[in-house]
Amino acid sequence: MRFSKYVFGAMAGLLSSVALAAGNLAIQPDRDGLYVGVHGGAAWITPVTYSPWHGGPANIRVLYHTGWVGDGSFGYYYHGFSADLSGYYIRANNRQIVGGTAPASPPQGFTMLTAGLVNMGYMYDQWTHWMPYGGAGVGWAHISNNVGNASGTLLVHSADTRFAY
């Protein structure tokens with residue numbers, strides 16, 4: 001599995017929610033002070049290929065049900081500048097195992113990503129109808145994958161924590 005491609009793809013989606021939180025500030029850009037943001041939605045996780053897997057001679061590919069994502073942020077906005085702390089959670093249950101000597105029964109398990117970031121940004125509020133916003137964040141991301149068969153036998157377990165941006 002290519003961890004970095006998987007996490008960075010997920011983080012790109014998460015960072016878009018940071019832009020949404022900043023976009024909420026666009027309603028009243030002249031109001032400086034603290035803000036809190038909470039968001040939620042659906043998560044579509046791309047299939048993941050594992051190689052080799054326990055109990056099988058070939059690669060397996062895991063497909064996922066639509067999952068969910070939630071995030072929250074707490075920050076401060078001052079004359080266009082913003083700084084916040086954000087936390088994220090994504091989870092999707094396994095739907096199907098393809099390839100190898102994959103069991104015919106539906107798989108058990110899930111993929112989960114948690115992350116925390118410190119973000120800074122600037123909202124250029126000189127225009128009347130458009131308000132460009134740019135920002136960046138750094139932090140950590142932890143991903144965990146668990147794939148098991150219907151009898152409860154764990155076929156794949158992987159977990160890793162990495163620097164995120």
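How many aromatic pairs does a search of the whole structure find? In this predicted model, the search turns up 3 aromatic pairs. One of them joins phenylalanine 81 and tyrosine 122, whose ring centres sit 4.7 Å from each other, with 55° between the planes, which makes the pair tilted. Phenylalanine 81 belongs to strand β5 (residues 81-98) and tyrosine 122 to strand β6 (residues 108-123), so this pair ties together parts of the chain that are 41 residues apart in sequence. What about exposure? Phenylalanine 81 counts as exposed because its relative accessibility is 52%, and the cut-off for that word is over 50%. Tyrosine 122, at 32% relative accessibility, counts as partly exposed.

A tilted pair is also made by phenylalanine 163 and tyrosine 165: their ring centres are 6.1 Å apart and their planes meet at 35°. Both of these residues are exposed. Aromatic rings can have charged company as well, and here arginine 91 lies over the face of phenylalanine 110, at 3.8 Å from the ring centre.

Next come the strands, with β5 as a handy place to start. β5 pairs with β3 in the antiparallel sense, over 4 bridges, and within this pairing valine 62 stands opposite isoleucine 97 of β5. The pairing of β4 with β5 is antiparallel too and runs over 11 bridges; here glycine 75 stands opposite aspartate 84 in β5. Then there is β6, which pairs with β5 in the antiparallel sense over 13 bridges, with serine 82 standing opposite glycine 121 in β6. For anyone tracing a strand by eye, one general point is worth keeping in mind. In a regular strand, side chains alternate between the two faces of the sheet.

What do β4 and β5 form, and how many residues lie between them? The two strands make a hairpin, with 2 residues between them. One residue to look for in the turn is histidine 79, which has a positive phi of about 45° although it is not a glycine. Put in terms of the chain, histidine 79 lies in the loop between β4 (67-78) and β5.

Now for the nonpolar part of the model. In soluble globular proteins, nonpolar side chains tend to be buried together. The largest nonpolar core here has 21 residues, and those with the most contacts inside it are Tyr50, Ile60, Val62, Tyr64, Ile90, Val147 and Val156. Which elements give two or more residues to this core? They are β2 (48-50), β3 (60-64), β5, β6, β7 (133-148) and β8 (154-164). The one that gives the most is β5, with 4 residues. Val62 thus turns up twice in this account: among the core residues with the most contacts, and opposite isoleucine 97 in the strand pairing.

Last, the charged side chains. As a general matter, side chains of opposite charge can pair when their charged atoms come close. The count in this model comes to 1 salt bridge. It is made by the side chains of aspartate 160 and arginine 162, at 3.0 Å from N to O. Are these two residues buried, exposed or something in between? Aspartate 160 has 26% relative accessibility, so it counts as partly exposed. Arginine 162 counts as partly exposed as well, because its relative accessibility is 40%.

Definitions and conventions
Residues are numbered from 1 along each chain as its sequence is written. This is a predicted model: local features need pLDDT of at least 70, side-chain atom pairs count only at pLDDT 80 or more; totals for chains, interfaces and linings use all residues. Side-chain values use heavy atoms; hydrogens and water are left out. Rings of Phe, Tyr and Trp (its six-membered ring) pair if their centres lie within 6.5 Å; planes under 30 degrees apart count as stacked, over 60 as edge-to-face and the rest as tilted. Buried means under 20% relative accessible area, exposed over 50%, partly exposed in between (1.4 Å probe, protein chains only). A charge sits over a ring if NZ of Lys or CZ of Arg is within 6 Å of the ring centre and within 35 degrees of the ring normal. A salt bridge is a side-chain nitrogen of Lys or Arg within 4 Å of a carboxyl oxygen of Asp or Glu. A nonpolar core is a set of buried Ala, Val, Leu, Ile, Met, Phe, Trp, Tyr and Cys residues joined through side-chain atoms within 4.5 Å. Two strands pair if DSSP finds at least two bridges between them.
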